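Q: I'd like to learn how to read a model like this one, feature by feature. Can we put it up and go through it together?

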Amino acid sequence: VGLETRRNGANKWNSGDHYGLAMPQLYVEFAYNDLSVKVGHFYTIIGNEVVTAPDNFFYSHAYTMQYGEPFTHTGVLADYKWSDSVTLLGGIHGGWDNFDPVRQRAGFLGGATWHNSDETVNLAVMLTSGDELNAMGNFSNRTMYSVVASLGLTDNLDYVIQHDNGWQDDWFGANQDAEWYGLNQYLMYTINDCWKAGARFEWFRDDDGTRVAGVRNGNPAGGPFVGNFYEATVGLNWTPANNLVVRPELRWDWFNGTGMPYDGGTKTEQFTAAFDAIVTF
């Protein structure tokens, strides 16, 4: 909002819903010794999966990342290396996925990361809190945290577990809050220099039907969907060259709750097979 679109959400750079231009990051960064500071528009530090495709194992995204977390922030974020194993982060932002909103509201973004001496165990705890628009068109506090732990079980086997919890006060009116939360698990096995296999299992609960909805205008699966979303995904990463990766995957989604979120609002489950190829340069 306020960058690719106008302040009121109307089209600015783009005239269609399917393809267009985006400026996901636009910032400057300063550093001095163990401190670095970003100023501008940047990706969130919340969660495990990220916006940039080459930095994710799977082609598709988890519900947690797509629906439960912010993508970007605009503001200031400091990163301080407290010790060899601990890094602290903290800053101020202007909201979820906002560049220039109609009303400026400052929120907090921060957390900490830790790893053991041989970096086989990594832990990241992140938090964001600030006022966001609710269903009534008013501002109320929205807070969420993410906890991500990654474990190197063997030289070839890695395990990641993630928990998110978010809530917004007065979403439907006074004292009528909304909440969403979930648990993700990833298991990745390095077969050799060219092949890597992975599996992901996720449970995501949209407790009040406020987060999961069709991602394009006019999508008949618009919700609300109050209940539990599950997905199980298996995939491969094939890297035949240093600058090329091919990511095939199979995915099964199912929903237990109110509504039918799949196949144009007609089913409570779906199967997808997909792949992409990424060339970096």
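Q: Is Gln168 buried or exposed?
A: Keep in mind that we are looking at a predicted model. The call rests on relative accessibility, and anything under 20% counts as buried. Gln168 comes out at 0%, so it is buried. You'll find this residue in strand β8, which covers residues 157-168.

Q: Which residues does Gln168 touch, apart from those up to four places away in sequence?
A: Leaving those out shows what the fold brings to the residue. Here Gln168 touches Glu132, Leu133 and Asn134, then Ser140, Asn141 and Arg142, and also Asp177, Ala178 and Trp180. Take Asn134 from that list: Gln168 and Asn134 are 34 residues apart in sequence, with their C-alpha atoms 7.8 Å apart in space.

Q: Now a glycine. Where does Gly223 lie?
A: Gly223 is in the loop between β10 and β11. Its relative accessibility is 36%, so Gly223 counts as partly exposed. Sequence distance and spatial distance are worth checking here too: Gly223 and Gly209 are 14 residues apart along the chain, and 7.1 Å separates their C-alpha atoms.

Q: On to charges. How many salt bridges are there?
A: You look for a side-chain nitrogen of Lys or Arg within 4 Å of a carboxyl oxygen of Asp or Glu. That gives nine salt bridges. One of them joins the side chains of Arg200 and Glu49, at 2.8 Å from N to O. Arg200 belongs to strand β10 (residues 195-206) and Glu49 to the loop between β2 (35-43) and α1 (63-68), so this pair ties together parts that are 151 residues apart in sequence. Both Arg200 and Glu49 are buried.

Q: Which residue besides Glu49 does Arg200 meet in a salt bridge?
A: That would be Glu231, again at 2.8 Å, N to O. Glu231 is in strand β11 (residues 226-241) and Arg200 in strand β10, so the pair links parts 31 residues apart in sequence. Glu231 is buried, like Arg200. When salt bridges share partners, you can follow them as a network: Glu49, Arg200, Glu231, Arg251 and Asp253 are joined into one.

Q: And how close do the N and O atoms of Asp207 and Arg205 come?
A: Their closest N and O atoms are 2.6 Å apart, and the two form a salt bridge. Asp207 has a relative accessibility of 22%, so Asp207 counts as partly exposed.

Q: What about the greasy side? How many residues does the largest nonpolar core have?
A: Here you follow buried nonpolar residues from side chain to side chain. The largest core has 20 residues, and those with the most contacts inside it are Ile45, Tyr63, Leu77, Leu109, Met126, Phe204 and Phe229. The elements that give two or more residues to this core are α1 and β6 (121-133). A second, separate core has seven residues, including Phe57, Phe58, Tyr186 and Met188.

Q: Which residues is Leu77 in contact with?
A: Setting aside neighbours within four places in sequence, the contacts of Leu77 include Ser36, Val37, Phe42, Ile45, Leu89 and Leu109.

Q: Last one: pockets. What is the volume of the second largest pocket?
A: Rolling a probe the size of a water molecule over the atoms shows where empty space is left. The second largest pocket has a volume of about 280 Å³. Of its 18 lining residues, Thr44, Ile45, Ile46, Gly47 and Val50 are the closest to its centre. The lining divides into eleven nonpolar, five polar and two charged residues.

Note on methods:
Residues are numbered from 1 along each chain as its sequence is written. This is a predicted model: local features need pLDDT of at least 70, side-chain atom pairs count only at pLDDT 80 or more; totals for chains, interfaces and linings use all residues. Side-chain values use heavy atoms; hydrogens and water are left out. Helices (H or I, at least four residues) and strands (E, at least two) are DSSP runs, numbered from the N terminus. Buried means under 20% relative accessible area, exposed over 50%, partly exposed in between (1.4 Å probe, protein chains only). A nonpolar core is a set of buried Ala, Val, Leu, Ile, Met, Phe, Trp, Tyr and Cys residues joined through side-chain atoms within 4.5 Å. Contact means heavy atoms within 4.5 Å. On a 1 Å grid over the protein atoms alone, a cavity is a set of points where a 1.4 Å probe fits but cannot get out, and a pocket is an open set with protein on both sides within 12 Å along at least five of seven lines; lining residues have an atom within 4 Å of a point. Grid points are joined across faces, edges and corners, and a volume is the space filled by probe spheres set on the points. Ala, Val, Leu, Ile, Met, Phe, Trp, Tyr, Cys and Pro count as nonpolar, Asp, Glu, Lys and Arg as charged, and the others, Gly among them, as polar.
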